[in-house]
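Here's a quick briefing to read with the structure open beside you. Take the topics in any order you like.

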Amino acid sequence: SRAPGSLVRAFDPLFMFGNFGASAFLVIKLASFENAFAGMLAWEKDLDQDIGPLFATAELLRNISSETSFTDVTDRNKDIRMLTLEGQIVLLYSFFDNNMLIITDDLETLRVLIDRLTREKLSR
């Protein structure tokens with residue numbers, strides 16, 4: 001992986017990799033939000049090559065040029081960084097809170113994860 005060292009150190013060892021239907025996701029616990037935020041922005045240029053093959057959109061990633069970049073999107077009051085190809089989502093990530101990062105390949109998967117994590121947080 002070409003992830004910056006500060007980003008790798010910002011990740012807590014606990015993480016979850018799973019599937020929701022055909023979509024895959026990563027939920028990563030954070031030790032340092034500040035380093036994770038800056039590190040993710042720096043990693044964006046290599047993110048699709050480093051972890052893209054884990055996701056259902058891996059085939060689309062082969063067609064992405066190096067000039068394609070992540071864009072800012074807001075959905076249901078959450079800030080999201082999204083990589084698209086011809087209007088189709090390829091990868092996206094969002095910080096659930098200052099302690100958790102979600103990376104996935106589908107907006108609906110992100111919504112479901114945020115809803116479930118919010119309910120879990122409220123039930124405690």
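Buried here means under 20% relative accessible area, and exposed means over 50%. Asp46, with a relative accessible area of 13%, therefore counts as buried. Keep in mind that this is a predicted model. With that said, here's the tour, from the core out to the loops.

**Nonpolar cores**

- The largest nonpolar core has 25 residues, and those with the most contacts inside it are Met40, Leu47, Tyr93, Leu101 and Ile103.
- At least two residues of this core come from each of helix 1 (5-10), helix 2 (33-51), helix 3 (58-61), strand 2 (23-30), strand 4 (78-85), strand 5 (88-97) and strand 6 (100-104).
- Helix 2 is the top contributor, giving 5 residues to this core.
- Met40 is a handy place to start looking: setting aside residues up to four places away in sequence, Met40 touches Leu7, Phe11, Leu47, Tyr93, Phe95, Leu101 and Ile103.
- There's also a second, separate core of 13 residues, with Phe96, Met100, Ile102 and Leu110 among them.
- As background, nonpolar side chains tend to be buried together in soluble globular proteins.

**A nonpolar patch on the surface**

- Not everything greasy is tucked away: Phe15, Phe17 and Leu54 form a nonpolar patch on the surface, and together they have about 320 Å² of accessible area.
- Phe15 sits in strand 1 (residues 11-20).
- Phe15 counts as exposed because its relative accessibility is 56%, and the cut-off for exposed is over 50%.

**Salt bridges**

- The count of salt bridges comes to 9.
- One of them joins the side chains of Arg81 and Glu44, at 2.8 Å from N to O.
- Arg81 is in strand 4 and Glu44 is in helix 2, so this pair ties together parts that are 37 residues apart in sequence.
- Both ends of that bridge are buried: Arg81 has a relative accessible area of 16%, and Glu44 has 12%.
- The side chains of Lys45 and Asp46 also meet in a salt bridge, at 3.7 Å from N to O.
- Lys45 is exposed, with a relative accessible area of 62%, whereas Asp46 is buried at 13%.
- Lys45 and Asp46 also belong to a wider network of salt bridges that links them with Arg2 and Asp50.

**Lys121 and its partner**

- Which side chain does Lys121 meet in a salt bridge? The partner is Asp97, at 3.1 Å from N to O.
- Asp97 lies in strand 5 and Lys121 in helix 4, so the pair ties together parts that are 24 residues apart in sequence.
- Helix 4 covers residues 107-123.
- Asp97 is buried, with a relative accessible area of 16%.
- Neighbours within four places in sequence aside, Lys121 is in contact with Phe96 and Asp97.
- The Phe96 in that pair of contacts is also a member of the second core.
- For a sense of distance, the C-alpha atoms of Lys121 and Phe11 are separated by 20 Å, and these residues are 110 residues apart along the chain.

**Ser23, a buried polar residue**

- Is Ser23 buried or exposed? Ser23 counts as buried because its relative accessibility is 7%, and the cut-off for buried is under 20%.
- Ser23 is part of strand 2.
- The side chains of Ser23 and Thr104 make a polar contact at 3.3 Å.
- Beyond residues up to four places away in sequence, Ser23 touches Gly18, Thr104, Asp105, Asp106 and Thr109.

**Positive phi in two loops**

- Most residues other than glycine have a negative phi, and the next two go the other way.
- Asn77 has a positive phi of about 70° even though it isn't a glycine.
- Asn77 is in the loop between strand 3 (71-75) and strand 4, and it counts as exposed at 76% relative accessibility.
- Glu86, another residue other than glycine, has a positive phi near 50°.
- The loop between strand 4 and strand 5 is where Glu86 lies, and at 80% relative accessibility Glu86 counts as exposed.

Terms used. Residues numbered from 1 in each chain as written. Heavy atoms only, no water. Patch = residues over 30% accessible without salt bridge, like charges linked within 9 Å, V, L, I, M, F, W, Y side chains within 5 Å. Areas by Shrake-Rupley, 256 points an atom, 1.4 Å probe, with all protein chains shown as cover. Salt bridge = Lys/Arg side-chain N within 4 Å of Asp/Glu carboxyl O. Helix = DSSP H or I, 4+ residues; strand = E, 2+ residues; numbered from the N terminus. Buried < 20%, exposed > 50% of the residue type's maximum accessible area, 1.4 Å probe, protein only. Core = buried A, V, L, I, M, F, W, Y, C linked by side-chain atoms within 4.5 Å. Contact = heavy atoms within 4.5 Å. Polar contact = N/O pair within 3.5 Å; in protein donor to acceptor, adjacent residues only side chain to side chain.
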